[in-house]
Every structure is written in C-alpha cells, then in structure tokens.
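User: I have a structure open and a few things to ask about it. Can you walk me through some residues and side-chain pairs?
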Amino acid sequence: MKDIAIIGAGHIGGAAAALLADTGDYRVTVIDRSADQLAELPADARVEHLVLDVTDVKALTGALSGRFAVLSAAPYHLTFFVAQAAKAAGCHYLDLTEDVATTRKVKALAQGAQTAFIPQCGLAPGFISIVAADLIRGFDTLHDVRLRVGALPKYPSNALNYNLTWSTDGVINEYCEPCEAIVDGLPRQSRALEECEAFSLDGVTYEAFNTSGGLGTLCETLAGKVRNLNYRTIRYPGHAAIMKALLNDLRLRDRRDLLKDILENAVPATMQDVVIVFVTVSGLKGGHLVQETYAHKIYAQHIGGRLLSAIQITTAASLCAVLDLLAQGQLPAGGFVRQEEIALADFLGNRFGRVYAASDAEPRDAARPQLVESAA
C-alpha cells in the first residue's frame, strides 16, 4: 500500500479520499486545520484524520515525511505551502489549483526535484488539457484550439442561473484574475468575464466567457504552434452580466471575502449538477482544413455506494487517476509534469479516469439522485 496524504477535507478532498481508500492500494490520511471539517467527512475506518495548519511548513513537512505523495485539495492560496513541504519531505506532489501565479511558483520549485510535481490535476485545468493535447496530435498545422468547460446546476432557479457546486474561493479567483490566451499567434492576457459567446448543445443554450487558469500550461506548450488558443467557462445565459455588475460596478473584486460570504449565504449548493466538456481544434491535415471536436457530459451519480456530484466525480477522479498513473510508472517520477504530457488513452483506461469515458446519457432517475440505487 502506498501512503498518501490529502490536504483539505472539503467536498473534493473527501471524495478523493474515499475513492483511493476503496481500492485497498492506498493508505490515506486527510489533513485539515479544522477538526470540525474533518468530522464532517463520512465515517470510514480506512481513512485517518490529522488536524494540522498547512501554513506551518515545518509541521507539515514532518507529517509528509515517508509518504509516497501528497494531494492538495486546499484553497489556491494555501497551495504553495503544501508544495514547499512536499519538496522538503521528498514526496510526490499533486494539486488542483487554477491559480496561474501559484503554478509558476510550483514549476520553479520543481526544478531539480527528485520527486514529481504535477499541478492542475482537476477538470479544468487538468483533463481539458489532456483532451486538447490528444486532438492536437493529429494535425499537421494548428489554427484554432478552443476549450470550454462548465459545472452547472441541472435545475437553475435564481437570477444567476447558478448553484454552488465547487470551491467558492476558486470560482471568485477565476472570475477576477487575468486570463491567458494566444491570439493571432501572440500570447495575450485578457480580463475575466469578457468575450462572452453564445452556443447551443443538445438543444440547450449556454454562454461562455473568459476565466482564469483553465488553460493550465497550454499557452507555454503551444507557443509558436497555434494561431488562436483560448479557454472559456460555460454558464447559462445572463450569469456573466450579473457577475460583472457585482465584481466591477459594486467593486466586490476588491472585497473577495465579502463576496464569498454573500454567495455562500445566498446561493444554495446542489448535488444535481452536470459537467460539460467541449473542445474544438481546427487546422490542416494532409493539406485539408478540418475540425475535430470532443463533447461530453457527466452527471451526478452513485459511486461506491456514495452519491457524488458531477464536479466531485470529475475533479476527484482526475486527481486520483493522475496519482494512479504516477504510482504505476506511467508518468515521470521527477521534476515538473504538465497535464498535456498525459496520454488520453492512458487516462481513460485508468480505473478512476474511466468515469470520463462513460456514456454521457443522463442516468435513470437522475432528477431524483437520492433514489438511485446504483449508477456506477
């Protein structure tokens, strides 16, 4: 059994702990500074709990010593503390961060490391880059690469057309920080929530707009190789306009703690969600201009006897799949590892990654997931 630490006892950390423990191949310890948060995790004798403040790098280093890997499911502003402790402890490091600045610091920290540093192991950034890299490999010349991802409530019922399905800190961060892109062959930064577009999928209308971090390291990887590259978050129509009013007109981008408090006390969470992954690549193949598209939907379902939301499934399973591939020797064991270095076939063939390969048809009784006996 490989000894694993997971930082963060929230929805994603808890789901990842359960998925790994179910295999019998990993000994899992969940670390969080809040004993109350740890106590809210489903009872599981196979998962140990440790109360520890991760900003105490010395104490965290001691807790990580001798472990195979640490998986950070903590808020983005705590990520680098975990990375520092991982390097000091000599264990592999994986995270879920969408924060561009943090990933750059992790990359610098990984130079010369004897263990692997693999950031951005979630849905977007993460799986979306693996899909894009797979589509890109078939092209002789790249023109446009467009990545679109959304974690949406199935039954929106408020003006935002949104429910909290993921980290509130993460959502606010991606709505506020600069967005990387390549435009006409040149790297560019643009503002979040801008360049809003409309499109339809399976008869449903959506909007998509710039958000930060979703491209991971693709801008660097594809520099000089693509004409246009961008990432946009998918929402139902009208969401971007309201968020722009909150962040810009009411200046809540400068008071993120207040915005977080407002959202968490006014916008309910839901387990009835759907994740949409939509990637389009165009360019030349054999002298012909062609386009290839990957489109997939993942719904909330029961896995291992537990009801997991779609965003829990996709994010936690992606993190666990990358860990599994690392443990099986299918990824580099030292230095900085990009998501686009992971083969899509290896990912989808993995016992965790296969949740992405399942049919995108909505599970029976998905409108009332608490009644589903088994949809795994």
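User: Which strand is Ile303 found in?

Analyst: Ile303 is in strand E15, which covers residues 301-303. Keep in mind that this is a predicted model.

User: Is Ile303 buried or exposed?

Analyst: Ile303 has a relative accessible area of 16%, so it counts as buried.

User: And what separates the C-alpha atoms of Ile303 and Val70?

Analyst: They are separated by 23 Å, and the two residues are 233 apart along the chain.

User: Switching to Asp273. Where is it found?

Analyst: Asp273 is in strand E13, residues 273-285.

User: Which side chain of opposite charge is nearest to Asp273?

Analyst: That is Lys154, 8.3 Å away. Asp273 is buried and has no salt bridge.

User: What does the side chain of Asp273 reach, then?

Analyst: Backbone nitrogens. The side chain reaches that of Ala310 at 2.7 Å and that of Ile311 at 3.1 Å.

User: What else does Asp273 touch?

Analyst: Leaving out residues up to four places away in sequence, the contacts of Asp273 include Leu152, Pro153, Lys154, Thr165, Ile298 and Tyr299. Ala310 and Ile311 are among them too.

User: Helix H5 next. Which of its residues are buried?

Analyst: H5 runs from 100 to 110, and its buried residues are Val100, Thr102, Thr103, Val106, Leu109 and Ala110.

User: Why would residues three or four places apart point the same way?

Analyst: An α-helix has 3.6 residues a turn, so residues at that spacing point the same way.

User: What do the buried residues of H5 pack against?

Analyst: One helix, H4 (79-89), and the strands E5 (92-95), E6 (116-118), E8 (179-183) and E17 (335-336).

User: What follows H5?

Analyst: Gly112 follows H5, with a positive phi near 75 degrees.

User: Does anything pair with H5 by charge? Say, which side chain meets Lys107 in a salt bridge?

Analyst: Glu220 does, at 2.5 Å from N to O. This pair links distant parts of the chain, with Glu220 in helix H8 and Lys107 in helix H5, 113 residues apart.

User: How accessible are Glu220 and Lys107?

Analyst: Glu220 is partly exposed at 44% relative accessible area, and Lys107 is partly exposed at 27%.

User: Where is Ser212?

Analyst: Ser212 is in the loop between strand E11 (204-210) and helix H8 (218-221). Its relative accessibility is 3%, so Ser212 counts as buried. Among the residues it touches are Glu98, Val100, Asn173 and Cys179.

User: How many salt bridges are there in the whole structure?

Analyst: A search of the whole structure finds 23. One of them joins Asp22 and Arg306, at 2.8 Å from N to O. Asp22 is in helix H1 (residues 11-23) and Arg306 in strand E16 (residues 306-308), 284 residues apart.

User: Which other side chain meets Arg306 in a salt bridge?

Analyst: Asp44, at 3.7 Å from N to O. Asp44 lies in the loop between helix H2 (35-39) and strand E3 (47-51) and Arg306 in strand E16, so this pair ties together parts 262 residues apart in sequence.

User: Are these three residues buried or partly exposed?

Analyst: Asp44 counts as buried at 18% relative accessibility. Asp22 is partly exposed at 34%, and Arg306 is partly exposed at 22%.

User: Now rings. How many aromatic pairs turn up?

Analyst: The search of the whole structure finds 9. In one, the rings of Phe127 and Tyr356 have centres 3.8 Å apart and planes at 25 degrees, so they are stacked.

User: Where do Phe127 and Tyr356 lie?

Analyst: Phe127 lies in helix H6 (residues 127-136) and Tyr356 in the segment after helix H12 (344-349), so the pair ties together parts 229 residues apart in sequence. Phe127 and Tyr356 are both buried.

User: Which residues do ring pairs link into a cluster?

Analyst: Phe127, Tyr294, Phe347 and Tyr356.

User: Last one. Which charged residues sit over rings?

Analyst: The charged end of Lys2 sits over the ring of Phe68, 5.3 Å from its centre. Lys285 lies over the face of Phe139, 4.8 Å from the ring centre.

Conventions. Residues numbered from 1 in each chain as written. Predicted model: local features only at pLDDT ≥ 70, side-chain atom pairs only at ≥ 80, totals over all residues. Heavy atoms only, no water. Buried < 20%, exposed > 50% of the residue type's maximum accessible area, 1.4 Å probe, protein only. Helix = DSSP H or I, 4+ residues; strand = E, 2+ residues; numbered from the N terminus. Contact = heavy atoms within 4.5 Å. Lys, Arg positive; Asp, Glu negative; His and termini not counted. Salt bridge = Lys/Arg side-chain N within 4 Å of Asp/Glu carboxyl O. Polar contact = N/O pair within 3.5 Å; in protein donor to acceptor, adjacent residues only side chain to side chain. Phe/Tyr/Trp six-rings, centres within 6.5 Å; stacked < 30°, edge-to-face > 60°. Lys NZ or Arg CZ within 6 Å of the ring centre and 35° of its normal.
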